[in-house]
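Q: Hi! Could you walk me through this one while I have it open?

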Amino acid sequence: MNKKETVSPQQMGVLFFTFMTGSSIINIPSPLIGKAGNGAWVSLLISGIFSMALLGCMLYLHRRYPDKTFVEYSRNLIGVWPTAILSLLPLSMMLQMLIGIILDIGLFMRSAMLRETPTYAFTSLIFMVAALSVRAGIEVIARMFLLIMILIAAFIAAVLLLAMENYDISFLIPVMPDGLKPILKGAFFSYGFPYAECFLFTMLFPYVKKGSNGKLNRAMFLALFLNIATLCISTICTIILFGPLAGVKKYSLYELARTIDVQEIITRIESVIGMSLIAGSYMKATITLYAISLYVSQLFKFKDYKLIVTPIALIAFLYTLVGFDSDMDWVEVVSVVHPLWVWPGFILPLAIIVTVALIRKPSS
Amino acid sequence: MTGVTERIIVLLIVYCSVFLYDSSLLKSSSDKGEKAVYIVLIIISVYLSVSYAANLNFIGFYEVVDLTLTGPARAIEKWLTVPKP
């Protein structure tokens, strides 16, 4: 592991919030409401509580092995070859995440803004910028993303506030007209995206300055709490604006921004949400690419991760071109397969390592 | 511009960018393992590039996932879906 770079617990908290909120704030409300209806916010609360348990397991492992990443301590706990075999699961899931995040930008741009432009025109540029950012290192990423995240949060807060005159609170009820099943369906979906994806931070925790475990725990749980609150607010605003149509609108926050018309002065500001989606997805893709590069380099015990960043980005870029036959094919992977994929991809390897760590006594 | 020509131009631009960007790091790296993994990753990318350029739909990891996870995922989705009256 590269020991030179460190970030503060607060910076790690900001990175975590950025990672969890960046693209999901725009991508989550519509499909989640489509699955859970008016109870989408309850689904988010349920999956949020489960993600706190997941984060607790990750922080426990970090406390036991403060200088080690997931690959390094699983090698210590279960051995070299079992780690290599087990790594196929998280690596495939992380690659799927990277492809998905950037393909979402391309599909959004093609369906909402620039319909005649091929998807690769957007995805190739985002991959290039993400690879450059990963090469710059985690310190640069942490500093830069704070500024971008403040801008995105300000844009989205402004859009949600400006649309206030169109809200109708009565759309929020009934919360569970079809019983508990749609809520559970929404919780299952939102646990897959974005909550279970926080597994990636098992690769980043060793970069936090030493001796700040308490601060890191506080920063991470605060970031997760803020993320749950932000996603709930964004989902509720979508429901009270569009009512029964909220689940049908493809990019509901983008559609929400289109309805804003303040004295015919502040109008047509949906491009602000478009920019936020691009910036948010870029940040999440950068953190994911960073985690994959670290994972692969540590699996092969390299001193540095930087050489393999661009080939990994290149493979992911090519998968955005050949991985799917149609947009519908992609929608099925994201909304049906992805929520299940995170279980063998992230939850199972983490559960195995936590169980072995609990059984084995810490060495003196 | 035909589909195949466009695809080949896209690939040429992407590969040139990657090799231009990586050339200095490749020269300075003394670790043979790093270079070997780099070459393996590039070979995987070439496999995908051929599939893209010739529109051949080669087998990738999504096909493996499709075989193992799509069935159970659809079953869960169906079980959690409330039938419309």
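A: Happy to; here is a short chat about the fold, the interface and some backbone details.

Q: Great, what should I know before we start?
A: This is a predicted model, where local features need pLDDT of at least 70, side-chain atom pairs count only at pLDDT 80 or more, and totals for chains, interfaces and linings use all residues. Residues are numbered from 1 along each chain as its sequence is written, while chains are lettered from A and ligands numbered from 1 in the order in which they are written.

Q: What ipTM does the predictor give the complex?
A: The ipTM is 0.93, and the pTM is 0.93. For chain B, the mean pLDDT (the predictor's confidence in each residue, from 0 to 100) is 88, with 96% of residues at 70 or more.

Q: What is the secondary structure of chain A?
A: Chain A has 15 helices and two strands. These are DSSP runs, numbered from the N terminus: H or I of at least four residues for helices, E of at least two for strands. Of its 364 residues, 54% count as buried, meaning that 20 or more other C-beta atoms, placed from the backbone, lie within 10 Å of a residue's own; 12 or fewer is exposed, and in between is partly exposed.

Q: Now the interface: how many residues of chain A are in contact with chain B?
A: 32 residues of chain A are in contact with 35 of chain B, a contact being two C-beta atoms, placed from the backbone, within 7 Å. On the chain A side, the elements giving two or more residues are α8 (119–136), α10 (181–192), α14 (309–322) and α15 (327–359).

Q: Which of those gives the most?
A: α14(A), with 10 residues.

Q: Switching topic, where are the cis peptide bonds I should look at?
A: One joins A:Ile173 and A:Pro174, with omega about 0°; A:Pro174 is in the loop between α9 (138–162) and α10 of chain A. Another joins A:Phe193 and A:Pro194, with omega about 15°, and A:Pro194 sits in the loop between α10 and α11 of chain A.

Q: And what about phi at A:Arg268?
A: Phi of A:Arg268 is positive, about 55°, although this residue is not a glycine. A:Arg268 is in the loop between β2 (266–267) and α13 (270–299) of chain A.

Q: Is A:Arg268 buried or exposed?
A: Exposed: A:Arg268 has 10 other C-beta atoms within 10 Å. A:Lys301 also has a positive phi, near 55°, and is exposed, with 12 other C-beta atoms within 10 Å.
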